[in-house]
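Trainee: I would like a close look at a single part of this model, taken slowly. Could you choose one residue, follow its contacts, and then work outward to the strands around it?

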Amino acid sequence: MRAIIFAVALTFGCNNQAPEKLSEQPDSEVRTVKSKTRKQLNQTPTEHLQTLKSRPIPELGSKTTLSDEDFQTLLTDEEFKILRKQGTERAFSGEYNDHKEAGTYHCRACNAPLYTSETKFDSRTGWPSFWDAIEGRVETRPDNSYGMTRTEIVCAHCDSHLGHVFDDGPEPTGLRHCANSLSLVFHPETP
Ligand SMILES: [Zn+2]
């Protein structure tokens, strides 16, 4: 049974989604749509993450007042697509998949603390996985997209998409919070 679950995890991944619908815009218009890269944010990747991490930590139980437009200004297109449009990063591509430092993983959109390194484990799925979230910081929602019955995990403060939670994780919870690295930003225990 575990082998089947593992095979399914590899096939469908964390929050696997069908290929994006091709744009219905005429070719000429498609070509003018450019992605906002980190370079266009005028920051190196390190500076960009530093900016996101230096924001105030949202209080437990509070809700963001930022709009999607605000998030679009703050995030790269890739981050925006995952956090605000329920996208999925490629398996084994994320910077936190094999990350083992001690510290806390915060929401990349709002900087709320979500997971600690103490609950991180190697799920071999290609996405950072945790057997529990920091209490009150993550919410779940049913997700029936793409013909699958899954449970989405979102940031409790800003509703940004993190990934999905499955019940094939290790003890003590038996849960596997499968998140996108691009949904998270790591705060080391000793900065
Ligand atoms: Zn958030």
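Mentor: Take V138, which, leaving aside residues up to four places away in sequence, touches L114, A133, I153, C155, A156 and L162. This is a predicted model, and what follows should be read with that in mind. V138 belongs to the largest nonpolar core, a set of 29 residues in which V138, together with C107, A109, L114 and C155, touches the most other members. The elements that give two or more residues to this core are α5 (77-85), β1 (103-107), β2 (113-116), β6 (150-155), β7 (161-166), β8 (176-179) and β9 (184-188). In soluble globular proteins, nonpolar side chains tend to be buried together.

From the core we can turn to the strand β5, which spans residues 138-143. The open sheet in question has 6 strands in the order β3-β4-β8-β7-β6-β5, and their pairing is antiparallel. Because β3 and β5 stand at the edges, each with a single partner strand, one side of each is left without a neighbour in the sheet. β5 pairs with β6 in the antiparallel sense over 6 bridges, and within this pair D143 stands opposite R150 of β6. The two strands form a hairpin with 6 residues between them, and in its turn Y146 has a positive phi of about 60°.

Towards the other edge of the sheet, β4 and β8 also pair in the antiparallel sense, over 2 bridges, and F130 stands opposite H177 in β8. The loop between β3 (120-121) and β4 (129-130) holds D122, which counts as exposed because 11 other C-beta atoms lie within 10 Å, where the limit for an exposed residue is 12 or fewer. D122 and D98 are 24 residues apart in sequence, yet their C-alpha atoms are 7.6 Å apart in space.

To place all this in the chain, there are 5 helices and 9 strands, and read along the sequence they follow the pattern α-α-α-α-α-β-β-β-β-β-β-β-β-β. Of the 191 residues in the protein chain, 32% are buried. Among contacts between residues at least 6 apart in sequence, 62% join residues at least 24 apart.

Notes: Residues numbered from 1 in each chain as written. Predicted model: local features only at pLDDT ≥ 70, side-chain atom pairs only at ≥ 80, totals over all residues. Helix = DSSP H or I, 4+ residues; strand = E, 2+ residues; numbered from the N terminus. Buried ≥ 20, exposed ≤ 12 C-beta atoms within 10 Å, placed from the backbone. Contact = placed C-beta atoms within 7 Å. Core = buried A, V, L, I, M, F, W, Y, C linked by C-beta atoms within 7 Å. Pairing = 2+ DSSP bridges.
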